[in-house]
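Please look over the sequence and the structure below before reading on. The paragraphs that follow begin with a single pair of side chains and then widen out to the whole protein.

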Amino acid sequence: MKKIRLLLVDDEPDFLTAYARRFKRRNVEITEASSGQQAIDHVRESEFDVVILDVMMPRMNGLETLRRIKAIAPDLPVIILTGHADSSVLIEGMDMGAFDFLLKPVGTDELYFKVLDAVRTRHRGQP
């Protein structure tokens with residue numbers, strides 16, 4: 001199986017480190033971003049199969065980051081992570097094209113299977 005190219009975006013260094021390590025063990029190529037702007041820069045410079053994006057970040061929140069990512073790469077699946085079950089945020093994110101939402105804390109298996117689902121769904125949509 002080809003390595004999945006994953007952009008992991010979160011302002012919490014411990015989260016980035018832990019999940020990057022866990023995903024690397026599962027044959028996933030990880031690029032880390034600790035801010036929305038850094039994530040946007042990575043999307044402009046590289047190709048990814050999927051993005052995992054935290055909602056609550058300083059300066060540029062996850063929804064604004066999602067909007068900008070979708071302007072650059074409309075078909076790139078973005079999985080939103082949030083620690084708050086705010087339905088208006090969920091609706092807005094889905095309206096902007098988020099692939100799915102998961103509530104933190106999220107288990108590695110659950111997140112990994114959601115990544116696989118996003119990648120499969122994206123590839124099914126391509127000729």
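In this predicted model, the side chains of Lys-104 and Asp-54 come together in a salt bridge, with 3.4 Å from N to O. The two partners belong to distant parts of the chain, since Lys-104 sits in the loop between strand S5 (100-103) and helix H5 (108-124), while Asp-54 is in strand S3 (residues 50-54), and 50 residues separate them. Are these two residues buried or exposed? Both Lys-104 and Asp-54 are buried. Nor does the pair stand by itself, for Asp-10, Glu-12, Asp-54 and Lys-104 are linked in a network of salt bridges.

A residue that touches both members of this pair is a good next stop. Thr-82 has its place in strand S4 (residues 78-82), and, once its neighbours within four places in sequence are left aside, its contacts are Asp-54, Val-55, Leu-90, Phe-101, Leu-102, Leu-103 and Lys-104. Thr-82 has a relative accessible area of 2%, and because buried means under 20%, Thr-82 counts as buried.

The structure as a whole holds nine salt bridges, and two others are worth following in detail. One of them joins the side chains of Asp-100 and Lys-114, at 2.6 Å from N to O. This pair, too, links distant parts of the chain, with Asp-100 in strand S5 and Lys-114 in helix H5, 14 residues apart. Here the cut-off at 20% falls between the partners: Asp-100, at 22% relative accessibility, counts as partly exposed, whereas Lys-114, at 19%, counts as buried.

The other bridge joins the side chains of Arg-67 and Glu-64, at 2.4 Å from N to O. How many residues apart are Arg-67 and Glu-64 in helix H3? They are three residues apart, which is about one turn of the helix. Arg-67 is partly exposed, with a relative accessible area of 42%, and Glu-64, at 23% relative accessibility, is also counted as partly exposed.

Helix H3 deserves a longer look, and it spans residues 62-72. Leu-63 lies in this helix and is buried, with a relative accessible area of 9%. Apart from its neighbours within four places in sequence, Leu-63 is in contact with Val-89, Glu-92, Gly-93 and Met-96. The C-alpha atoms of Leu-63 and Ala-98 are separated by 9.2 Å, although their positions lie 35 residues apart along the chain when one counts from one to the other.

Thr-65 is likewise part of helix H3, and its relative accessible area of 0% makes it buried. If residues up to four places away in sequence are not counted, Thr-65 touches Gly-36, Ala-39, Ile-40, Leu-53, Met-57 and Met-60. Ile-69, found in helix H3 as well, is buried with a relative accessible area of 0%. Beyond its neighbours within four places in sequence, the contacts of Ile-69 are Ile-40, Val-43, Val-51, Leu-76 and Val-78. In contrast to these contacts, Ile-69 and Tyr-19, which are 50 residues apart in sequence, are 21 Å apart in space from C-alpha to C-alpha.

With these local views in hand, we can turn to the whole protein. Its secondary structure comes to five helices and five strands, and, read along the sequence, these elements follow the pattern β-α-β-α-β-α-β-α-β-α. Among contacts between residues at least 6 apart in sequence, 62% join residues at least 24 apart, and the contact between Thr-82 and Asp-54 is an example of residues brought together from separate strands.

What radius of gyration would a compact globule with 127 residues have? The value would be near 14 Å, and because the protein has 13 Å, the two agree. Taken along the principal axes, the C-alpha atoms fill a box of roughly 35 × 35 × 25 Å. Buried residues make up 47% of the 127 residues, and among them are Thr-65, Ile-69 and Thr-82.

At the surface, the protein exposes about 6,800 Å², of which carbon and sulfur atoms supply 49%. The charges can also be viewed together: the protein has 18 positive and 20 negative charges, and the mean positions of these two sets are 6 Å apart.

Note on methods. Residues numbered from 1 in each chain as written. Predicted model: local features only at pLDDT ≥ 70, side-chain atom pairs only at ≥ 80, totals over all residues. Heavy atoms only, no water. Helix = DSSP H or I, 4+ residues; strand = E, 2+ residues; numbered from the N terminus. Rg over C-alpha atoms; globule rule 2.2 N^0.38 Å. Buried < 20%, exposed > 50% of the residue type's maximum accessible area, 1.4 Å probe, protein only. Contact = heavy atoms within 4.5 Å. Areas by Shrake-Rupley, 256 points an atom, 1.4 Å probe, with all protein chains shown as cover. Lys, Arg positive; Asp, Glu negative; His and termini not counted. Charge placed at Lys NZ, Arg CZ, Asp CG, Glu CD. Salt bridge = Lys/Arg side-chain N within 4 Å of Asp/Glu carboxyl O.
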